[in-house]
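Q: Here's a structure I'd like to go through with you, asking at each step how a label was earned. Ready when you are.

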Amino acid sequence: MAVSNLKTDNEDKVTITGILLRIVEWYQYLKSKWLLIFLFGFLGALIGVGYAFLKKPVYTATTTFVLEEGEKSGGFGGLGGLASMAGIDLGSGGGGIFQGENILALYKSRTMLEKTLLSRVIISGKPQLLVERYIEANKLRETWKKNPGLLAIDFNRVDTLRSASEIRLKDSLMSTIVADINMAYLTIFKPDKKLNTLQVDVKAKDEVFAKLFNERLVKNVNDFYISTITKKSVRNISILQHKTDSVRAVMNGAIFSSAAVADATPNLNPTRQIRRVVPMQQSQFTAETNKAVLSTLLQNLELAKMSLLKEQPLIQVIDEPIYPLYKKRTSKTIFLVLGGILGALATTIVLIGKRVIRNLTADA
């Protein structure tokens with residue numbers, strides 16, 4: 001039993017000693033190649049610095065604004081009776097369409113991004129679509145030279161596309177651009193979860209595109225948000241206004257009819273009063289009836305306008321992008337160190353691999 005334990009201890013010592021000797025051997029081998037490792041590490045550092053110099057800076061356009069949702073108006077009690085009969089709902093507005101942070105998803109929707117890309121802006125005194133600026137900034141047409149179909153796409157004349165293949169290609173290209181902007185360009189978030197402050201960041205290598213796209217996107221989304229929230233109330237006001245104008249016109253017509261009957265019978269025979277009294281009373285009755293209806297409609301119209309004011313959300317811009325935009329350059333120091341480490345590490349791995357293969361070949 002003692003002999004067996006001694007044998008195991010000797011094997012463990014031999015194994016540990018062998019490992020240590022092998023480590024020393026590899027260390028000596030790599031030390032003998034230090035100049036080669038240093039040269040390739042230096043070359044890697046130069047490549048890293050060169051990449052940092054050549055890489056374009058990234059510009060960030062930032063807009064922050066406060067969103068305060070409007071109040072939901074309740075019913076109007078008895079005042080809403082006539083409006084209800086006319087098919088008008090004076091209840092709560094469209095505030096339930098967007099709840100909480102749904103506006104964040106609206107900013108990343110295809111509809112809003114595509115509408116923004118197809119917006120025409122003034123750049124260097126000339127009108128240009130933002131999507132054309134995106135294509136120009138990313139030099140996409142140079143990569144499309146092998147595809148005549150893509151080169152033929154001109155977003156300035158998309159309405160003139162005739163064939164289904166052209167329309168499909170244009171939609172596919174727009175989808176690709178929208179996906180790229182969603183992934184690499186656009187960030188929308190709430191800096192503070194407790195506040196209603198929203199921040200929209202657009203990062204791009206083209207400073208002009210970053211600023212203009214940010215401004216136009218914020219405008220498009222906020223306008224759409226407000227119009228959707230208040231759409232129901234605006235429609236109610238439009239219907240009420242039309243009804244009010246119609247009733248007023250009928251009432252005015254009845255008043256003029258009553259006066260016209262009196263003018264048409266100036267010296268009427270007392271025995272023929274039916275020719276004056278009946279038409280005049282009918283006109284007066286119509287005028288009085290429409291006067292009462294008009295009074296109620298006017299009250300409902302004013303209440304609908306007040307409801308619209310309450311429901312309309314307040315969007316107040318705090319900060320908007322101005323030139324020069326925040327510019328983030330690639331750190332030359334970081335890429336210098338990283339390039340040197342990667343160059344030296346790659347050289348070391350290659351040297352070790354070559355020696356291992358050579359040793360295996362020699363043993364075989």
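Q: How do you know what span to expect for H10, and what does H10 reach?
A: The expected span of a helix is 1.5 Å times one less than its number of residues. H10 has 23 residues, and from its first C-alpha to its last it reaches 33 Å, close to the expected 33 Å. One caveat up front: this is a predicted model, where local features need pLDDT of at least 70 and side-chain atom pairs count only at pLDDT 80 or more, while totals for chains, interfaces and linings use all residues. Residues are numbered from 1 along each chain as its sequence is written, and side-chain values use heavy atoms, with hydrogens and water left out.

Q: What makes something a helix or a strand here, and how many of each does the protein have?
A: Both are DSSP runs numbered from the N terminus: helices are H or I with at least four residues, strands are E with at least two. On that basis the protein has 13 helices and 7 strands.

Q: What goes on at the start of H10?
A: A side-chain oxygen of Asp 206 comes to within 3.2 Å of the backbone nitrogen of Val 208.

Q: Why is Asn 222 in H10 called buried?
A: Buried means under 20% relative accessible area, exposed over 50%, and partly exposed in between (1.4 Å probe, protein chains only). Asn 222 has 7% relative accessibility, so it counts as buried.

Q: What makes the pairing of the Asn 222 and Tyr 107 side chains a polar contact?
A: A polar contact is a pair of N or O atoms within 3.5 Å; within protein, one must be able to donate a hydrogen and the other to accept it, and residues adjacent in sequence count only if both atoms are side-chain atoms. The side chains of Asn 222 and Tyr 107 make such a contact at 3.1 Å.

Q: Which residues does Asn 222 touch, not counting those up to four places away in sequence?
A: Contact means heavy atoms within 4.5 Å. By that rule Asn 222 touches Phe 65, Ile 103, Tyr 107 and Ile 315.

Q: Which residues of H5 are buried, and what do they pack against?
A: In H5 (residues 110–117), the buried ones are Met 112, Leu 113, Glu 114, Thr 116 and Leu 117. Their packing partners are H4, S3, H6, H9, S4 and H10.

Q: What makes Leu 301 in H12 a buried residue, and which residues is Leu 301 in contact with?
A: Its relative accessible area is 3%, so Leu 301 is buried. Leaving aside neighbours within four places in sequence, Leu 301 is in contact with Ile 237, Leu 240, Gln 241 and Thr 244. Leu 240 sits 61 residues away along the chain, yet the two C-alpha atoms are separated by 5.9 Å.

Q: And why is Thr 347 in H13 called buried?
A: Thr 347 is at 8% relative accessibility, so the buried label applies. Its contacts, leaving aside neighbours within four places in sequence, are Leu 36, Ile 37 and Phe 40.

Q: How do you know that S2 and S3 pair?
A: Two strands pair if DSSP finds at least two bridges between them. S2 and S3 are joined by 4 bridges and run antiparallel. Ile 123 stands opposite Lys 126 in S3.

Q: Which residues are on the covered face of S2, and which on the uncovered one?
A: Val 121 and Ile 123 make up the covered face, Arg 120 and Ile 122 the uncovered one. In a regular strand the side chains alternate between the two faces of the sheet.

Q: What makes the phi of Ser 124 worth a look?
A: Most residues other than glycine have a negative phi, and most peptide bonds are trans. Ser 124, in the loop between S2 and S3, is not a glycine but has a positive phi of about 55°. Ser 124 has a relative accessible area of 74%, so it is exposed.

Q: Why is Lys 139 called partly exposed?
A: Lys 139 stands at 46% relative accessibility, so it counts as partly exposed. Lys 139 lies in the loop between H6 and H7, and has a positive phi of about 50° although it is not a glycine.

Q: Which peptide bond is cis, and where is its proline?
A: The bond from Tyr 323 to Pro 324 is cis, with omega near -10°. Pro 324 is in the loop between S6 and S7.
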